[in-house]
Every structure is written in C-alpha cells, then in structure tokens.
Amino acid sequence: MAKRVAIIGAGASGLACIKCCLDEGLEPVCFEKSNDIGGLWNFQEEVTDGRPSIYKSLIINTSKDMMAYSDFPVLEDYPNYMHHSKIMEYFRLYAAHFDLLKYIRFATNVSSITQRTDFSTTGQWDVVTSNTEGNLETTTFDAILVCIGHHADPHLPLDTFPGIDKFKGQYMHSKDYKSPQKFEGKRVVVVGIGNSGVDLSVEISQHAKQVFLSTRRGAWVLNRVAESGYPADLIFTRRINGLLISFLPELLIRRSINKRFDHGNYGLQPSHSVFSQHPTVNDDLPNRILSGRVLVKPNMKQLTESAAIFEDGTMEDIDAVIFATGYSFAFPFLNESVIKVNRNHAVLYKNVFPPHLEQPTLAIIGLVQPLGAIMPISEMQARWATRVFKGLVKLPSVNNMMADILEKKENMAKRKFSFTYVLWIIRIK
C-alpha cells in the first residue's frame, strides 16, 4: 500500500510536492485553506489575515526559463518576466497537465498536526482539519510536507518608531498595498529597501506629490535586464562564472555594480558586502531618483502628528507611511517540540528537515529566500523529501545534521555567503 502524504498548501511549492509524490508512487492529499491554487501569486482584491497578498502590478524578478518547473517549460509566447496573472496561468497549465487538482481539498484548514503514540516506529501523524462549516476531521498520514510559505504574517515593528500613535496620517504594511491611486498628490514615506519597498516607491512616485524611500543601511540594487537586453539571470547563471568569480576581490565586484550607477551618489551605498544581504532588483529606481520623484532618506527616527524625522536630522511633512518591513513565519499547527521558531529562524537541516525527529517523515518545503525563483528549489526539495519518505535516501545522523546547521549559521554570522549571488551582478567574458 502506498504511503499517504499530507501536503499543507497548494501554492508554488505545494503543487510541486503533489507532482513529486506521484512520481515516487506516494499518495498525496493536499489541504488548501482557500478556494484556489497559487498561494502568494493568486491575486485577491481583499487582504485576508493568514494569507499572503500581492499588489496589482507585481512582476516576478526571475525570468521564465529560470523559474519554470523542470518538466514543464513556460510557453514560448509568454514574456521573459511575467506578471502575476501569467504566473497563475502557468500554474493552472501545470496542474492540468499533470492532473494535480483532484488531489487537493480546497477550503480546508489544518488545525493541528501531531505525532501518533507509535511515532518512533511508524513515523505517522494525525492531521486535524476543519471545513468552512467548522466540522473537524482527523486523518492519519505517513508523512507531512509543509508548504505554507513565509509571506502571510506581516512584520510591523511600530514600537521602533516613536510617535506612530500620534501620527494623524495613514500607515500600513506593504502587504495591504494594492495600487497607487489612493496616494495621488500625497507625500509618502516607504520604509524598507527590499524588493517590495522599492517596487512600491517607484510605482507610487508616478502618482504621489513626493516619495521618500527610507533605508537603514542601503542596498545593492541590481537590474533585470542585462547586456543586449537579455534577462540578467539567464545570462549570468553559469557554473563557470561561479567558479571564476569566486576568485574576484570584493572591490572589483563593487566597481562592476557601480558602473551602472554609483550607489554612493544615489544615497544607496550599503556598508555591508555584496554577498552579505539579499540584493534588490529594480530597473527603474535610478531614473526615479534622478528625476527627484523618489528621495532617498536614512532611517526614519520619529513621527510627529504630520511629519517624519529622519536620523540625519531632516524633517518632512508627510501624509502616509508604508512599512515594507518584511514578514514573520510560524507553524501554528505544529508543536514546538517538532519545530521551534525563534526570532524568525527555525532549526532545519538544509532548510528542510527538523533534525531531532525520531523518524524523518516531516519536511518544510519552500522556506528559503533565494536569489531567483522558489519553484525549481521547491521542486528539488520535494524530490529529496519524497525519496527520504520512501526510504530510498537516508538522512545523516542527528550529530552530523546539527554540525551542518551550526556551520552554516557561523558562516552567515561571518558573512561568508555563496558566490552565486554575484552571478546577477557581473559578467565574466
């Protein structure tokens, strides 16, 4: 009898997990709390607690050839960088081609996942789900794949901005942003220089009276378009480039980035090295700064009833603040003895397996922030996890897994990051 695998979430990672389970002869049952597939990429006009949300204009930062699942190329007539509506079309084609929808139970929320009393020998789990009427159902599964992503719960650090309680204007998290029209003629501060913060700054600046982009430490801003107009990731991602570039000094990498525009002149020069933070991808920001529609500011230190005070002592009258300050993640249906999240960090072997489980029958898929798209990475994680579930691949000992986790943590602290980051930055000829 085939092993039954519960998959939590029918987004980009969940769909790949269903397909990989079928490839290995496992029996998948996918639980999706909404009424549709797509997860993050399924645009909704309304913002819902516990679900990811995107804005109307969102375009993926990874080209179609680099974001596609391995066995289902994106159609040739699709654009290289796809709008979220095109990505949803791609997901629907993928699901239909491999007949995945029949394995998904929509409008079903997972309330709890607990180890059975004989877990040490069977590795089985009890999954409690509820439908829209609130009816509970308990089902036993041989393994679990958690694919809930990490863009559902906004991180809104209001306590770090004194005066926010007195501010009479509007403030919101970037999750709540849908379109720029409501900011017509207003003076807006966007806090955060990640991809969302920069995208929103650029878009809102075409409607607002003035946009202030507030950043604590700057960022390396890369572009989607490379030489001759080709997609940057498609041109730069070569194994030989990765090998060669690992020998280049940091100074040379910085000079190459600054050839497009000098980050120092634009107020964006970060103190951190190229490898130590996730870069921001946006082709339009330099133009918006040059035209004065976006003014770069240091960290916002304080708010008054109608103004923002920045760390350089400047004060600007403002009407609205958008906090593009990221997200927090959690696994509310799992006991902390299975996975404990501390300060937005979970201890996972290769970002997938909890190392201390007696049986390796639970895996977290897609809990990474890659330079490129999540789809191919989730697919590879799912392939690995399903083969572990089936007994074809064995995990290392707990000690070896913990040693690997500790080594990576120490490397992160020392800012020893993968040189593949640079593949988006410089071309080796």
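## Helix α10, the nonpolar cores and the cysteines

Helix α10 (residues 375-390) has 16 residues, which at 1.5 Å a residue should span 22 Å, and its end C-alpha atoms are indeed 22 Å apart, in agreement with that expectation. The expected span is taken as 1.5 Å times one less than the number of residues in the helix, and helices (H or I, at least four residues) and strands (E, at least two) are DSSP runs numbered from the N terminus. This is a predicted model, in which local features need pLDDT of at least 70 and side-chain atom pairs count only at pLDDT 80 or more, whereas totals for chains, interfaces and linings use all residues. Residues are numbered from 1 along each chain as its sequence is written, and side-chain values use heavy atoms, with hydrogens and water left out.

As for confidence, pLDDT (the predictor's confidence in each residue, from 0 to 100) averages 91 over the protein, and 93% of the residues score at least 70. Over residues 416-429 pLDDT stays under 50, and for this stretch the model has 47 contacts beyond four places in sequence, a contact being heavy atoms within 4.5 Å.

The buried residues of α10 are M375, S378, E379, Q381, A382, A385, T386, V388 and F389, where buried means under 20% relative accessible area, exposed over 50%, and partly exposed in between (1.4 Å probe, protein chains only). Their cover includes the helices α1, α2 (64-67) and α3 as well as the strands β1 (4-8), β7 (143-146) and β20. Just after α10, G391 takes a positive phi of about 90°.

M375 of α10 also belongs to the largest nonpolar core, a set of 76 residues in which F91, L145 and M375 touch the most other members. Such a core consists of buried Ala, Val, Leu, Ile, Met, Phe, Trp, Tyr and Cys residues joined through side-chain atoms within 4.5 Å. Helix α1 (residues 12-23) gives the most to this core, namely seven residues. Leaving aside residues up to four places away in sequence, M375 touches A12, W41, I60, M67, Y69, I87 and F91. A second, separate core has 24 residues, among them F119, V146, F333 and V338.

Helix α5 (residues 195-204) is mostly covered, with eight of its 10 residues buried: G197, V198, D199, L200, S201, V202, E203 and I204. What covers them includes the strands β10 (187-191), β11 (210-214), β13 (280-281), β14 (294-297) and β18 (320-323), together with helix α9 (285-290).

The structure holds zero disulfides, a disulfide being a pair of cysteine sulfur atoms within 2.5 Å. C20 is in no disulfide, since the nearest cysteine sulfur, that of C17, is 6.6 Å away, and at 3% relative accessibility C20 counts as buried. The sulfur of C147 is 3.5 Å from the closest cysteine sulfur, in C17, which is too far for a bond; C147 is likewise buried, with a relative accessible area of 8%.

Two loop residues other than glycine have a positive phi, and the table sets out their values.

| Residue | Phi | Loop between | Relative accessible area |
|---|---|---|---|
| D99 | near 55° | α3 (84-97) and β3 (104-105) | 40%, partly exposed |
| N351 | about 65° | β19 (327-328) and β20 (362-364) | 40%, partly exposed |
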